[in-house]
Amino acid sequence: MPCKTRAWSRSSGGRVTGVPDNALGWLIGVARHKAVDRLRREAIRGAKEAASMRELDLDGSGLGPDAAPEPADPLSLVFLCCHPALDASVRVALTLRSVCGLSTAEIAAAFLVPEETMAKRLVRAKAKIREARIPFRVPGRAELPERLGAVLRVIYVLFTEGHMASRGDALVRGDLCDTAIWMARGVADLLPGEPEAMGLLALLLLTDARRAARTDDLGELVLLEDQDRGRWDRDMIAEGEAVLEAALRLGRPGPYQLHAAIAACHSTAPSAEATDWRQIALLYGELIRYEPTPVAEANRAVAVAMAEGPAAGLVILDALAHHPQLQRWAQLHIARAELLRRLGRDHEAAAAYRAALDLEPAAASRSFVTRRIRELAGG
């Protein structure tokens, strides 16, 4: 009868080898230790993630030893990342990616550029940070004004993506809207007497007040003119108007105050028919002095169409239709299609709607456009 040898033994290096006598007990013990180790790792994971965020380590490279201690909240991170050594458009995009968590595709949609172009910009920005060893730290109060413009832009783009999502099934991403409003409040509190910070907060409040009425029970897009104004948040509107009035009294107008004034024209109108579109068109004309962008001009065209008739607005939109950036903006094609439909030019309207679909807008916009195409086809 062969003798039984011990199933495991200690090697010359001190390690235990072989199969233990009580394999089941050994496995249970190992599993228990593994579980304890995992709990310990989870307990410190938050601190490790905070350290990663502090370093903006998006590609595993880190920013080096000059990185600052972790700021107390995301708003501090936004001020930290909007470093004046970076180009304004790049610092906004990098902050949206690093702090706000927007994808490269979402940021590209906000800037109306191809995703590949935005990805290259972000890579170059991170390379510049590493090579120039730009010190990232929470700015002192004296440094906040020079970063204010970029910070407000970050908050505005974040809210815009939440208000009308460029990707996904939902038209509105309420989490992004709520975060942007929270940040706007923080900036207004941090820099009291800054009219543009107040203007941005007013704009976000007045716009987000319509959130509940912007989609129907099926999640379908409801146009502003068709919204149930009884579902608008009147308390939010009242607060937005009060903040805007306080900003305007400071006598230093700016683009966000003008945006807010346009939003106020909508929120104070008792009905779509009573909206003062001529005043809105004038406000857009003033806004273009601060923001001479094709998007602002396109929005003015819609206001002109509502005030003077679809043909007047279509002239402006047609002049913008070949702009390389606006060709990537589904809302331009939808706006043209709506005006063409009102003029009875159904064939051209359908083509414009299809051009919007080709840009793969969010699901709610796709559903609206598809419905319009069916209506034009008599289906």
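When I speak of helices and strands this morning, I mean runs assigned by DSSP, at least four residues long for a helix and at least two for a strand, numbered from the N terminus. With that in hand, the protein chain in this predicted model comes to 16 helices and two strands. Of its 379 residues, 44% are buried, and if we take the contacts between residues at least 6 apart in sequence, 59% of them join residues at least 24 apart.

Let me turn to the interior. The largest nonpolar core has 102 residues, and those touching the most other members are L96, F111, M118, I155, L158, V187 and L204. Which helix gives the most to this core? That is helix 6, which contributes 10 residues. As for M118, one of the residues just named, its contacts, leaving aside residues up to four places away in sequence, are with A93, T104, I107, A108, F111 and V113.

Helix 6 is also a good place to look at packing. In general, two packed helices are described by the angle between their axes and the distance between the axes. Helix 6, residues 144–163, packs with helix 8, residues 195–208, at an angle of about 5°, and their axes are 11 Å apart. Angles under 35 degrees count as roughly parallel, and helix 6 and helix 8 are therefore roughly parallel to each other. On the side of helix 6 the contact is made by L152, I155, Y156, F159 and H163, while helix 8 brings E196, A197, L200, L203, L204, T207 and D208. Sorted by type, the residues of this contact are eight nonpolar, two polar and two charged. You will notice that I155 and L204 take part in this contact and also appear in the list of core residues that touch the most other members.

A further residue worth pointing out here is H259, which sits in helix 10, residues 255–268. Is H259 buried or exposed? At 12% relative accessibility, H259 counts as buried. Not counting residues up to four places away in sequence, H259 touches Y156 and L203, and also L287 and E291; Y156 and L203 belong to the contact of helix 6 with helix 8 as well.

I will finish with the charged side chains. Side chains of opposite charge can pair when their charged atoms come close. The count here comes to 14 salt bridges, and I would like to show three of them. The side chains of K120 and E116 meet at 3.5 Å, N to O; these residues are four apart in helix 5, residues 115–132, and so are separated by about one helical turn. K120 is partly exposed at 45% relative accessibility, whereas E116, with a relative accessible area of 54%, is exposed.

The next salt bridge joins D208 and R211 at 2.9 Å, N to O. D208, which we met in the contact between the two helices, is buried, with a relative accessible area of 7%, and R211 is partly exposed at 26%.

The last salt bridge I will show joins R289 and E286 at 2.5 Å, N to O. Being three residues apart in helix 11, residues 277–290, R289 and E286 are likewise separated by about one helical turn. E286 is partly exposed, with a relative accessible area of 28%, while R289, at 61%, counts as exposed. Elsewhere, E338, R341, R372 and E375 are joined into one network by salt bridges that share partners.

Technical notes:
Residues are numbered from 1 along each chain as its sequence is written. This is a predicted model: local features need pLDDT of at least 70, side-chain atom pairs count only at pLDDT 80 or more; totals for chains, interfaces and linings use all residues. Side-chain values use heavy atoms; hydrogens and water are left out. Axes are lines fitted to C-alpha atoms, for helices over the stretch in contact, and angles run from 0 to 180 degrees between N-to-C directions. Angles under 35 degrees count as roughly parallel, over 145 as roughly antiparallel, 65 to 115 as roughly perpendicular and the rest as oblique. Contact means heavy atoms within 4.5 Å. Ala, Val, Leu, Ile, Met, Phe, Trp, Tyr, Cys and Pro count as nonpolar, Asp, Glu, Lys and Arg as charged, and the others, Gly among them, as polar. A nonpolar core is a set of buried Ala, Val, Leu, Ile, Met, Phe, Trp, Tyr and Cys residues joined through side-chain atoms within 4.5 Å. Buried means under 20% relative accessible area, exposed over 50%, partly exposed in between (1.4 Å probe, protein chains only). A salt bridge is a side-chain nitrogen of Lys or Arg within 4 Å of a carboxyl oxygen of Asp or Glu.
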